[in-house]
Amino acid sequence: MWPNKQHSLGWVFITRMIGIISFLIVVVLANILDFYVGSSLYHSGVDFLNLNFWLLLLIGIIIFVADIFGAFPFPLNLPAPIIKAIGSVFIIAFLLRVFDWVDSTTGNNIYHYFWLLSFVIVPIVFIIVLLAGYYEIIYDLWAKAKIREGSNVAVAGSADNPQAISSPKSWEDVSAELRMMLYEIIHRFREEIRKR
């Protein structure tokens, strides 16, 4: 939500793929452990996870696509809030299934109340996520414009005063310097190994 907090496309892709792969590993391990654990509650939980596997995978893919769009610069990031809002509706659908599963295992009757309440909650959550996403985009644009305006003032001031402070570095400059530093360290380490 704050300026320059936007991650690169590669970082978003790798971290979200790690999340999806971790989810798949957890599902496989839970099914393997189901043969060894004798608890009926655990067996019921694994059955619930298997029944909702495709819904959870769909939620992960929707959030993944939204984050990919969100990593792009304006105006390519405009679909991200809509996709996140759609993902939030699927998350609420999954939570309703969780309440239904809790009802079936404990015998409580809370699912019915949450199901009725969901007709109010779903539109509200959809609108909140949508508005928050577009607010984040607008705030980011405003903050970048303010930074650009400040750097233009600094450049104009440096023409009059050579000792004026240069424009602030962006996160892209910092990440480029970090990559260069890592390259230098690895290169120097490799050179030291070759000498021996």
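I counted the secondary structure elements to begin with: the protein has 6 helices and 0 strands, where helices (H or I, at least four residues) and strands (E, at least two) are DSSP runs numbered from the N terminus. Read from the N terminus, the order is α-α-α-α-α-α. Note to self: this is a predicted model, so local features need pLDDT of at least 70 and side-chain atom pairs count only at pLDDT 80 or more, while totals for chains, interfaces and linings use all residues. Residues are numbered from 1 along each chain as its sequence is written, and side-chain values use heavy atoms, with hydrogens and water left out.

**Whole chain**

I looked up burial next. Of the 196 residues, 19% count as buried (buried is under 20% relative accessible area, exposed over 50%, partly exposed in between, with a 1.4 Å probe and protein chains only). For contacts, meaning heavy atoms within 4.5 Å, I took those with a separation of 6 or more: 66% of them join residues 24 or more positions apart.

**Helix 3 on helix 4**

I checked how helix 3 (residues 53-71) sits on helix 4 (residues 79-106). Their axes are 8 Å apart and the packing angle is about 160 degrees. Axes here are lines fitted to C-alpha atoms, for helices over the stretch in contact, and angles run from 0 to 180 degrees between N-to-C directions. Helix 3 and helix 4 are therefore roughly antiparallel (over 145 degrees; under 35 is roughly parallel, 65 to 115 roughly perpendicular, the rest oblique). The crossing of helix 3 and helix 4 is left-handed, that is, the near helix is turned anticlockwise from the far one by less than a right angle, with clockwise being right-handed.

I listed the residues that meet: helix 3 brings, among them, Leu55, Ile59, Ile62 and Phe69, and helix 4 brings residues including Ile83, Phe90, Phe94 and Arg97. By class this contact has 16 nonpolar, 2 polar and 3 charged residues. The classes: Ala, Val, Leu, Ile, Met, Phe, Trp, Tyr, Cys and Pro are nonpolar, Asp, Glu, Lys and Arg charged, and the others, Gly among them, polar.

**Helix 1 on helix 3**

I then turned to helix 1 (residues 9-33), whose axis comes within 9 Å of that of helix 3, crossing at roughly 170 degrees. That makes helix 1 roughly antiparallel to helix 3. Phe13, Arg16 and Phe23 are among the helix 1 residues in this contact, and Phe53, Phe64 and Asp67 among those of helix 3. The split is 14 nonpolar, 1 polar and 2 charged.

**Rings**

How many aromatic pairs does the structure hold? I found 7, with Phe, Tyr and Trp (its six-membered ring) pairing if centres lie within 6.5 Å, and planes under 30 degrees apart counting as stacked, over 60 as edge-to-face and the rest as tilted. Phe48 and Phe94 have ring centres 5.9 Å apart and planes at 35 degrees, so I noted the pair as tilted. Phe48 is in helix 2 (residues 40-51) and Phe94 in helix 4, 46 residues apart. Phe48 is buried at 12% relative accessible area, and Phe94 is buried at 17%.

Phe48 also pairs with Trp101, stacked at 5.3 Å centre to centre and 25 degrees between the planes. Trp101 lies in helix 4, so this pair ties together parts 53 residues apart in sequence. I have Trp101 as partly exposed at 22%. Separately, ring pairs link Phe23, Phe53 and Trp54 into a cluster.

**Ser104**

Last lookup: Ser104 is in helix 4 and is exposed at 56% relative accessibility. Its C-alpha atom is 9.7 Å from that of Ser44, 60 residues away along the chain.
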